[in-house]
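Trainee: Please take one part of this model and go through it closely. I would like to see how that part sits in its chain and what lies around it.

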Amino acid sequence: MATLRFDGLAIGKMPYWRCLAGPVTDAILMHRFANPARFLKIARPLTTWLFWPGLLLLLIGAGCGLFVTPADYLQGQTVRILYIHVPAAWLGMGGWSGIAIAALMQLVWRHPLAAVAGRAIAAPGALFTAICLMTGSIWGRPTWGTWWEWDGRMTSMLVLFFLYLGYIALANASARQGQQGGVSSVTAIFGLVGAVNIPIINRSVVWWNSLHQGPSITLRGSSIDGSLLWPLGLTLLGFSLLFGAIVLMRMRAILAENKVEARMQRLARG
Amino acid sequence: MNQWAFVIAAYAVTLAGTAIVSLTSWRAMRSAERRADQLSDRG
Amino acid sequence: MKAKHQRLILALAALVALVGAGLLAASALKDEAAYFYAPNDVKTKGVEPGKAIRLGGMVVKDSLKRAADGVTIHFDVTDGKATVPATFSGIAPDLFKEGSGVVAEGAFDAKGTFIATNLLAKHDERYMPRELEGMNYNETTHEMKAEK
């Protein structure tokens, strides 16, 4: 019987359900990056290639958002906060989605880099969630007439921030106990469970009467006029690239620390 | 003009936060990788 | 079955259960987590006078009237299905105006008028430059048309 060999995987011999699970569980990506040395070979140049274009896009987008686009008919100049508030919200929620995916990869496939990625995402994710909350508050004061209200969107976003703090505390504790990559199974499960909050944040303004406005950009189109919308694309992409670069830098730092620590332990044992 | 105060505050918070996390991440990476490289030099 | 696949099935089952539980809890919270009552909620559910609530909706056009004392304002709040009268004494936020959203904190009096102690302007999801002001926004096609 002819056997289709695919990246070290014999698909032809497997029962059907494993045919399905095989390519998913053993995706090329996972094997290729399972080896930290091979990951670093790609991560080193990628850090630079994400950081500088990200920063450039971000500065152009923010500059256009500050000085080029017109003021909003109702909010006036404060509409410009949108160009940083929306990417911050996107990264705060995207960051936790990344933590959840990394947790799944750690728990199911025992991928050696998953724990490293999860721990690397936590701090910038928490930071951008905080930026989202703060810029929202600064926008709310002149627009709504209040710095903070306990409506569905704001409360669920604050919960996300506390989830990040909890994850960071758990990850630091497990790193001190010498867990691989610094994320224990408990921490990973916490990251997975916390992901429940992400759809709640997203839907909060639809399910519940909230002070925060409904979604402006939906699959059907945008209720933000084109003349105000375009810098948002630049800042969204810019912040995302920068976030990627920050995560890569933190992953590289953790991998290097692990290497030093492993060597120290070997030396201590003689 | 008062509105600009809010805009500037929001951008300043974002700029400071992004700069701090980028800089600390980069410095942590550089020092950790330097220590790791020194190890491999000594064999 | 490999341990890896057991873990995968276990993790996916747990994830589905968790998300299901979370969404169920969230939908059960539907009424409790609502930030404000819309005029129609007030009408259908009934809110006893004197109970502190938030009332949210649109300020009806041409309903805003300033009382003789100069600080009290009267206006109607609507959600398209029901309309309730409201009154407020104090400084309203800049963005509070007829035809735009408002969230008022306060309580109903015996006659069914909402006595607001605090006003918040609620912004909607539309953003456009000043040149487009006065144009109508079509919610289904997302197009702007000049007001006739």
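**Helix H5 of chain A and its surroundings**

Mentor: Start with the length of helix H5 of chain A, residues 114-144, in this predicted model. With 31 residues at 1.5 Å a residue, the helix should span 45 Å, and the C-alpha atoms at its ends are 42 Å apart, which agrees. H5(A) does have a kink, of about 30 degrees, at Ala122(A). The proline Pro124(A) comes shortly after that kink.

Next, burial. Of the 31 residues of H5(A), 27 are buried, so the helix is largely enclosed by the rest of the structure. For the chain as a whole, 56% of the 270 residues of chain A count as buried. Chain A has nine helices and four strands, and along the sequence their pattern is β-β-α-α-α-α-α-α-α-α-β-β-α.

Now the two ends of the helix. The loop between H4 and H5 of chain A holds Arg110(A). Arg110(A) is not a glycine, yet its phi is positive, about 55 degrees. Its relative accessibility is 53%, and the cut-off for exposed is over 50%, so Arg110(A) counts as exposed. At the other end, H5(A) is followed by Gly145(A), which also has a positive phi, near 95 degrees.

One contact region can be followed from H5 into helix H6. Leu160(A) belongs to helix H6 of chain A. The C-alpha atoms of Leu160(A) and Thr129(A) are 7.5 Å apart, although 31 residues separate the two along the chain. Leu160(A) has 0% relative accessibility and therefore counts as buried.

H5 also takes part in a pocket. The second largest pocket has about 990 Å³ of space. It is lined by 35 residues, and those closest to its centre are His85(A), Val86(A), Ala89(A), Arg153(A) and His212(A). In chain A, at least two lining residues each come from helix H4 (82-109), H5, helix H6 (152-176), helix H8 (197-207) and helix H9 (226-269). H4(A) gives the largest share of the lining, eight residues. By type, the lining divides into 23 nonpolar residues, ten polar and two charged.

Beyond H8 there is a loop that leads to strand E3 (217-218) of chain A, and Ser210(A) lies in that loop. Ser210(A) has a relative accessible area of 3%, so it is buried. Its C-alpha atom is 9.1 Å from that of Met154(A), a residue 56 places away along the chain.

The aromatic residues are worth a separate pass. Over all chains, the structure holds 14 aromatic pairs. One of them joins Phe161(A) and Phe162(A), with 6.1 Å centre to centre and 50 degrees between the planes, a tilted arrangement. Phe162(A) has 48% relative accessibility and so counts as partly exposed. Another pair is made by Trp207(A) and Trp208(A): the ring centres are 5.9 Å apart and the planes stand at 70 degrees, so this pair is edge-to-face. These two tryptophans fall into separate burial classes: Trp207(A), at 24% relative accessible area, is partly exposed, whereas Trp208(A), at 6% relative accessibility, counts as buried. The cut-off that divides them is 20% relative accessible area. There is also an aromatic cluster, formed by Trp96(A), Tyr164(A), Tyr167(A) and Phe190(A).

For contrast, look at chain C. Chain C has two helices and eight strands. From the N terminus on, its elements run α-α-β-β-β-β-β-β-β-β. Of its 148 residues, 36% count as buried. Chain C also has a residue other than glycine with a positive phi: Asp62(C), with a value near 65 degrees. Asp62(C) is in the loop between strand E1 (53-59) and strand E2 (65-66) of chain C. At 66% relative accessibility, Asp62(C) counts as exposed.

To return to the helix: H5(A) has a span that agrees with its number of residues, a kink at Ala122(A) and 27 buried residues out of 31. It also supplies at least two residues of the lining of the second largest pocket.

Key
Residues numbered from 1 in each chain as written. Chains lettered and ligands numbered in written order. Predicted model: local features only at pLDDT ≥ 70, side-chain atom pairs only at ≥ 80, totals over all residues. Heavy atoms only, no water. Expected span 1.5 Å × (residues − 1). Bend = angle between axes of the 7 residues up to and from the residue. Buried < 20%, exposed > 50% of the residue type's maximum accessible area, 1.4 Å probe, protein only. Phe/Tyr/Trp six-rings, centres within 6.5 Å; stacked < 30°, edge-to-face > 60°. 1 Å grid on protein atoms, 1.4 Å probe; cavity = no way out; pocket = protein on both sides within 12 Å on 5 of 7 lines; lining within 4 Å. Points joined across faces, edges and corners; volume = space filled by probe spheres on them. Nonpolar A, V, L, I, M, F, W, Y, C, P; charged D, E, K, R; others polar.
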